[in-house]
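Reader: Please take one part of this model and look at it closely. I would like the largest pocket, and then the surroundings that can be described along with it.

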Amino acid sequence: MMAVPQNKTELLKEIEITYVKLREDLKTIPVELTAKETLEGHSKNTMMSVNNLVSYLIGWGELVLKWHHKKNNNEVVDFPETGYKWNELGKLAQKFYADYQDLDFIALQEKLDATVNKLQILIESHNNETLYEQAWYEKWTMGRMIQFNTSSPYKNARGRIRKWKKENNLK
């Protein structure tokens, strides 16, 4: 387990490593199981599907991109999202599931690949000072806010998937 990234290079490496591992696990899941709500959900006492989990990762990635787009255009950013507070992340997860419910497992993976790629380009476009040496949102740096919503959830998702695969006797 890597330490929390402290600079641009470490952040890019951490996203790359955690995402590649997650994608390897996703590739082994039978498509016919991906829409069944058999995974522990993001809210207490809820269940979700593998598709919901991928939708959640896309949702957070796209939200990070939206925050940056708005900030770059000197627009007000509602953190975490318009209509949601930080203590309502379960409701926000449900929104993400709904946002991408029309995409099948293959399309969801392609969308996630595209989102991760855009996030990597975003990180590449900033220097280390901008990413890690100044507050970006409250006390958090830009790099830390990106990491909170990329590599950390990728690790968490991978843990959920591996546990679920074991419970379902999947290799």
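Author: What follows describes the pocket, then the helix packing beside its description, and then several single residues. The model is predicted, and the values below are computed from it.

The largest pocket holds about 250 Å³ of space. Its lining is made up of 15 residues, and those nearest the centre are Y56, W60, L89, F148 and N149. Four elements each give two or more residues to this lining: α2 (50-72), α3 (89-99), α6 (142-148) and α7 (151-167). Of these, α2 supplies the largest share, with 4 residues. Sorted by class, the lining has 11 nonpolar and 4 polar residues, and no charged residues.

Two of the elements that line the pocket, α2 and α7, also pack against each other. Their axes are 10 Å apart and the packing angle is about 175°. Angles over 145 degrees count as roughly antiparallel, and therefore α2 and α7 are described as roughly antiparallel to each other. On the α2 side the contact is made by V50, L53 and L57. On the α7 side it is made by P153, Y154, A157, R160, I161 and W164. By class, this contact has 8 nonpolar residues, 1 charged residue and no polar residues.

One of the α7 residues in that contact, I161, is also touched by D25. D25 is found in helix α1, which covers residues 8-27. Leaving aside residues up to four places away in sequence, D25 touches R158, I161, R162 and K165. The relative accessible area of D25 is 7%. The cut-off for buried is under 20%, so D25 counts as buried.

K165 leads on to another residue, since T28 touches it as well as K171, again not counting residues up to four places away in sequence. T28 has its place in the loop between α1 and β1 (39-40). Along the chain, T28 and K171 are 143 residues apart, yet 7.4 Å separates their C-alpha atoms. With a relative accessible area of 38%, T28 is partly exposed. D25, by contrast, is buried.

The loop between α2 and α3 deserves a separate look at its backbone. N74 lies in this loop, and so does P80. The peptide bond that joins F79 and P80 is cis, with omega about -5°. N74 has a positive phi of about 55°, although it is not a glycine. N74 is exposed, with a relative accessible area of 74%.

A further positive phi is found at E138, where the value is about 50°; this residue is not a glycine either. E138 is placed in the loop between β3 (135-137) and β4 (140-141). Its relative accessibility is 61%. Exposed means over 50%, so E138 counts as exposed.

To return to the part requested: the pocket has a lining without charged residues, and α2 gives the largest share of that lining. The contact of α2 with α7 has 1 charged residue, and the two helices run roughly antiparallel to each other.

Definitions and conventions:
Residues numbered from 1 in each chain as written. Predicted model: local features only at pLDDT ≥ 70, side-chain atom pairs only at ≥ 80, totals over all residues. Heavy atoms only, no water. 1 Å grid on protein atoms, 1.4 Å probe; cavity = no way out; pocket = protein on both sides within 12 Å on 5 of 7 lines; lining within 4 Å. Points joined across faces, edges and corners; volume = space filled by probe spheres on them. Nonpolar A, V, L, I, M, F, W, Y, C, P; charged D, E, K, R; others polar. Buried < 20%, exposed > 50% of the residue type's maximum accessible area, 1.4 Å probe, protein only. Contact = heavy atoms within 4.5 Å. Axes fitted to C-alpha atoms, helices over the stretch in contact; angles between N-to-C directions. Parallel < 35°, antiparallel > 145°, perpendicular 65-115°, else oblique.
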